[in-house]
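Student: I should like to go through this structure and ask, for each term applied to it, what justifies the term.

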Amino acid sequence: MYLLKPPEYGVEEFFDELLVGRHNNSKNQFLINRLSSIKSFLKDEQENYKELGGNKLLHTLKEHDTISIPTDAKLDDSISRTISAKEMEKVYSNFLVDEPDSIKIGRTAYDLILLNAYFNLCPYCSHREVKTVDHYLPKSKFPSFAITPVNLLPCCSDCNKDKLDNYNLKEDKMLIHPYFDDISDQDWLKCKVIDNIWPITFSYEVSDAIVDSVLKSRINNQFKLLNLNKLYADNATREFSKRVKSLVREYNSNPSNNALDFINDNLQSYQFENPNSWQTKMFEALKNSSWFMGTALPQLHSFYRV
Ligand SMILES: [Zn+2]
C-alpha cells in the first residue's frame, strides 16, 4: 500500500492513434465508428474520476453495462448506439495489452503503466513483483474506465486475482487507491513475535490506532482480501532465519548489548525506506518482545544450529 504518481497522460492523448488501422466491419457493427463517437465522453469521465478520486468519492460512481453513444453522433440507423462492457473489455485486451513486442501506441501506454512502480513492487501488497495491469474499478462493471490510464495500475498476479474475485465498492471497503490515497503518515501495520514458538514466528495485523474509521476499515479489508498477514509472516520467518547467523555473532560478541546495535541498525535502514514495511515491523517486533530478547535470543544458536 504505497502512493504512486498518477500517469501523466490521459485517454485522449492516445485514443485516435489507438484506432488507426483497426478492423471496422459489419461483424463488429462498425465498432471503430462507434468508439470514435465516445472520445469526449471518455475524457469527461476521466476528469470526473480524477476529481472523485482526489476527494475520496470513487465509491459514488455507478456500475454500468453499456456506454451510450451521444445523440449528435452520425451513425447509420443499422448501427447500435451503445458500446457494451464486453466490447470495451476487448478494446482493452486487443488494443492496449496487445502483444508484448507490439510497437503500437496502446502497448506503449500499457507498458508505461507497468513501469510506474517503486522498484517494481506491487502497490497493493508492497511486496510481490509487478506482472500485470490492474483495473482499480473493474472493466466489466465500469466500461467507461476500461482504457483510462488513471484507472490502470501496475500489479502483481496474486493481488490482481484476489482483487478480481472479491470486488466491493462500499465506501469502507474500497482498496487504497495507489494514485490518490496517501497513507504514508499512518502507522498502520503491527507485528509481534509469537512467544514460545520455534522457529521464530511473527504475526501481522492492522493497527487499532488509525483514527479515521473509514480508512481503518479500508486498510483492514485490503489486508484480509490480499491475505497480507500470511504473506508478511511467511516472509518474516524466512528473513529471520537468513539473518540469524549474524544475529548470533553480534550477540556472542557482546552479550550485554543483547544484539541491540544489530537490530537497531536494520530497523533504521528499513524505516528510512518504508516505516510500514513488513521488514521494519519485524525488527521492531524483535526489539519489543520480552520473550525474544530475554529467553529466545540466548538460545538461538542451539535451535538454528549456528
Ligand atoms: Zn501485490
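Tutor: Let us begin with S241, which lies in helix α8. Please bear in mind that the model is predicted.

Student: Why is S241 called partly exposed?

Tutor: A residue counts as buried with 20 or more other C-beta atoms within 10 Å of its own, and as exposed with 12 or fewer. S241 has 13 C-beta neighbours inside 10 Å and therefore counts as partly exposed.

Student: Which residues does S241 touch, not counting those up to four places away in sequence?

Tutor: They are P199 and Y304. The C-alpha atom of S241 is separated by 22 Å from that of C125, a residue 116 places apart from S241 along the chain.

Student: How do you know how helix α8 and helix α10 are arranged with respect to each other?

Tutor: Two packed helices are described by the angle between their axes and the distance between the axes. For α8 (residues 228-253) and α10 (residues 278-288), the axes come within 10 Å and cross at roughly 65°. The crossing of α8 past α10 is right-handed.

Student: What makes the contact between these two helices, residue by residue?

Tutor: Helix α8 contributes Y232, N235, A236, E239 and F240, while α10 contributes W278, Q279 and M282. Sorted by class, this contact of α8 with α10 comprises five nonpolar, two polar and one charged residues.

Student: What is M282 in contact with, leaving aside its neighbours within four places in sequence?

Tutor: Its partners are C191, F202, A236, E239 and F240. Of the helix contact just described, A236, E239 and F240 belong to the α8 side.

Student: Which residues have the most contacts inside the largest nonpolar core?

Tutor: Y124 and M282 do, in a core of 70 residues. Helix α4 (residues 85-97) supplies the largest share of this core, namely six residues.

Student: How do you know which domains this core draws upon?

Tutor: Domain 1 (11-165) and domain 2 (189-304) each provide at least three of its residues.

Student: What separation is found between the centres of domain 1 and domain 2, and how many residues of each are in contact?

Tutor: Taken over C-alpha atoms, the centres are 40 Å apart. Seven residues of domain 1 are in contact with seven residues of domain 2, where contact requires C-beta atoms within 7 Å. On the side of domain 1 that touches domain 2, three residues are nonpolar, two polar and two charged.

How values were computed: Residues numbered from 1 in each chain as written. Predicted model: local features only at pLDDT ≥ 70, side-chain atom pairs only at ≥ 80, totals over all residues. Domains from an automatic or database assignment. Nonpolar A, V, L, I, M, F, W, Y, C, P; charged D, E, K, R; others polar. Axes fitted to C-alpha atoms, helices over the stretch in contact; angles between N-to-C directions. Helix = DSSP H or I, 4+ residues; strand = E, 2+ residues; numbered from the N terminus. Left-handed = near helix turned anticlockwise from the far one by under 90°. Core = buried A, V, L, I, M, F, W, Y, C linked by C-beta atoms within 7 Å.
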